[in-house]
Amino acid sequence: MSGSAAATHMKGWGKMSVVNMIIKPKGQPFTKSLFWLFPKLIIGLFLAALGTVMMIHANIGLFPWGILNAGLVNVTGISFGVWSQIIGLFIIVMMTLFKFYPGIGTIFDMFFVGFFIDLLELMAVVPTPSGLVSQVGFSMAGLFVLSYGVSLYMSCGLGAGPRDGLMLMLMKLTSKSAGVVKTAIEITVTLLGLALGGPFGFGTILLALTGGKVMALVFKWTGFDAHAVEQKNVVQFWRDHVAPRRVASQSTFSEGLSDKVV
């Protein structure tokens, strides 16, 4: 191999870094690579947890899944965050049994939201407001923080949260609309949570009436279009990101060996 050819080859080999071969999706700018998506995913999950803790501390009632978690805490003494993880894991297993495979983001959601909730409670960094006006304001602020966190991690396209995945699965299995399925899930979860002693109050009604509107407003503000972003499960992720990088890496390695032989 000539000196100029060798120099060209080594220059090309230098560009074939681990990040480019494994992390950077083919045909996408580096700013949208997986290298940046995972920190964004974690930040979004942290904000979702922070928003949840804010609504807990507002102490005027929770959203349906929060009522269930709090009811289970009341009965068992196990922390809110751990119950969030247990329920999320149960949903993921159930989805997998029906061949609705979770995404990496779904698995991260299952673990990290519960982890961050318990961490924030352990650190005692979230205040508890007093007075109805302060409580309502704190609960609504928590809803905004939660919605912003959801927009961040869902914009990564690495899979929706387990509870959203459950809704999508039931929609496909029953051929019912999102509104019907979501309402049925939330009524069931709320009743079960109340039976276990979960908190139901003015805030529960407020969150039910404003939750969808606030999330839509935050999505519009952040420019996130839930219909335009494909949420990839682990199979699709492997096919689109990991497998092509492995092939490219093996091909580059083979070319390097061939050039050395020549």
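A salt bridge is here a side-chain nitrogen of Lys or Arg within 4 Å of a carboxyl oxygen of Asp or Glu. The exercises below apply this and related terms to a predicted model.

**Exercise 1. The salt bridge**

Determine how many salt bridges the rule yields, and which residues form a salt bridge.

Solution.
1. Under this rule, the count is one salt bridge.
2. The partners are Lys-182 and Glu-186, whose closest N and O atoms lie 2.7 Å apart. This distance falls within the 4 Å limit.
3. Both residues belong to helix α9 (residues 178-195); because they are four residues apart there, about one helical turn separates them.
4. To classify Lys-182, note its relative accessible area of 40%, which makes it partly exposed. Glu-186 is likewise partly exposed, at 27%. The partly exposed class lies between the limits of 20% and 50%.

**Exercise 2. The crossing of α4 and α5**

Describe how helix α4 (residues 64-76) and helix α5 (residues 80-97) cross, and state what kinds of residue make the contact.

Solution.
1. Two packed helices are described by the angle between their axes and the distance between the axes.
2. For α4 and α5, the axes come within 9 Å and cross at roughly 115 degrees.
3. The handedness of this crossing is right-handed.
4. On the α4 side, the contact involves residues including Trp-65, Leu-68, Leu-72 and Val-73; on the α5 side, Phe-80, Trp-83, Ser-84, Ile-87 and Ile-91 take part.
5. Sorted by type, the residues of this contact comprise nine nonpolar, four polar and no charged.

**Exercise 3. Helix α8 and its surroundings**

Check the span of helix α8 (residues 162-174) against expectation, then identify its buried residues and what covers them.

Solution.
1. The expected span is 1.5 Å times one less than the number of residues. With 13 residues, α8 should therefore span 18 Å, and its end C-alpha atoms are indeed 18 Å apart, in agreement.
2. The buried residues of α8 are Pro-162, Arg-163, Gly-165, Leu-166, Met-167 and Met-169.
3. Their cover includes α4, α5, α6 (104-123) and α9.
4. After α8 comes Ser-175, which has a positive phi near 60 degrees.

**Exercise 4. Ala-178**

Establish where Ala-178 lies and which residues it contacts beyond its neighbours within four places in sequence.

Solution.
1. Ala-178 is located in helix α9.
2. Its relative accessible area is 31%, so Ala-178 is partly exposed.
3. Ala-178 and Leu-168 are ten residues apart in sequence, and their C-alpha atoms are 7.6 Å apart in space.
4. With neighbours within four places set aside, Ala-178 is in contact with Met-167 and Met-171.

Note on methods. Residues numbered from 1 in each chain as written. Predicted model: local features only at pLDDT ≥ 70, side-chain atom pairs only at ≥ 80, totals over all residues. Heavy atoms only, no water. Axes fitted to C-alpha atoms, helices over the stretch in contact; angles between N-to-C directions. Helix = DSSP H or I, 4+ residues; strand = E, 2+ residues; numbered from the N terminus. Left-handed = near helix turned anticlockwise from the far one by under 90°. Contact = heavy atoms within 4.5 Å. Nonpolar A, V, L, I, M, F, W, Y, C, P; charged D, E, K, R; others polar. Buried < 20%, exposed > 50% of the residue type's maximum accessible area, 1.4 Å probe, protein only.
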